[in-house]
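Reader: I'd like to practise reading strand pairing and surface patches. Can you walk me through a case?

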Amino acid sequence: MLCPLSEVFDSRLRRGPNKAIYDITVKANDPSKNMIKGYELNWQQSLDALLPVNGFGVIANYTHVTQDKSAKFQLRNLSENTANLTGYWENSVFSARISANYRSEYLQNSADSFFARETHIVKDRTQIDVVLGYTINPQLSLSFGAQNITGETEEAYYLKENIWQMTAVTGPSYYLSFQYKL
């Protein structure tokens, strides 16, 4: 017999639907293990010495992660390769950044995606993001951001690339934020 969760875990009574008191004394964790190895490379470089205008620069990073493919389970949502490249210009009042963000394919199951059923593999993709900032005074600043400005889709397939399973079309998203420092 199914009952509402509030009946099973009533914090005042600590009783189940049949008025019995439950005392849970054993943790049930999966004893499986998987080894993850990887590295990350980062570089941030101001271009002030190379250009006639100050404030320009580049930020780059790359991450490579591997997991034991023979383990009993595989970590989901783990891309083997990710990379970001950002060009920026900033001074004490204005800032602008444009970033390309790459993520290699990764595994999902039904806990991660409604369409995954057994499992599916989300294809690699690159999206472009932009952030513009304006500092009004030392306490108040605002920024405008646009994510996925090229409208990249997220596609997934089942085991083989020719067995399409899902395409998510979210398009670009935008935000405006205000920050006030006390």
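Author: Sure. Start with pairing: two strands count as paired if DSSP finds at least two bridges between them. Keep in mind that this is a predicted model.

Reader: How many bridges join strand 5 to strand 6 here?

Author: There are 3 bridges, and the two strands run antiparallel. For one residue pair to look at, take Q108, whose bridge partner in strand 6 is H120.

Reader: Which order do the strands of that sheet have?

Author: The order is 5-6-9-10, an open sheet of 4 strands with antiparallel pairing. Strand 5 (106-108) and strand 10 (164-168) each have a single partner strand, so they stand at the edges, with one side of each left without a neighbour in the sheet. On average, neighbouring strands are turned by 30 degrees against each other, direction ignored.

Reader: And the whole chain, what elements does it hold?

Author: The protein chain has 1 helix and 11 strands, and from the N terminus on the helix precedes the strands. Of its 182 residues, 23% count as buried.

Reader: Now the surface. Which residues form the nonpolar patch?

Author: L132, F144, Y174, L176 and F178, with about 560 Å² of accessible area together. Strand 11 (residues 173-180) gives the largest share, 3 residues.

Reader: Where does L132 lie, and why can it join a patch?

Author: L132 lies in strand 7 (residues 125-135). A patch residue needs over 30% relative accessible area, and L132 is partly exposed because its value is 42%.

Notes:
Residues numbered from 1 in each chain as written. Predicted model: local features only at pLDDT ≥ 70, side-chain atom pairs only at ≥ 80, totals over all residues. Heavy atoms only, no water. Buried < 20%, exposed > 50% of the residue type's maximum accessible area, 1.4 Å probe, protein only. Patch = residues over 30% accessible without salt bridge, like charges linked within 9 Å, V, L, I, M, F, W, Y side chains within 5 Å. Areas by Shrake-Rupley, 256 points an atom, 1.4 Å probe, with all protein chains shown as cover. Salt bridge = Lys/Arg side-chain N within 4 Å of Asp/Glu carboxyl O. Axes fitted to C-alpha atoms, helices over the stretch in contact; angles between N-to-C directions.
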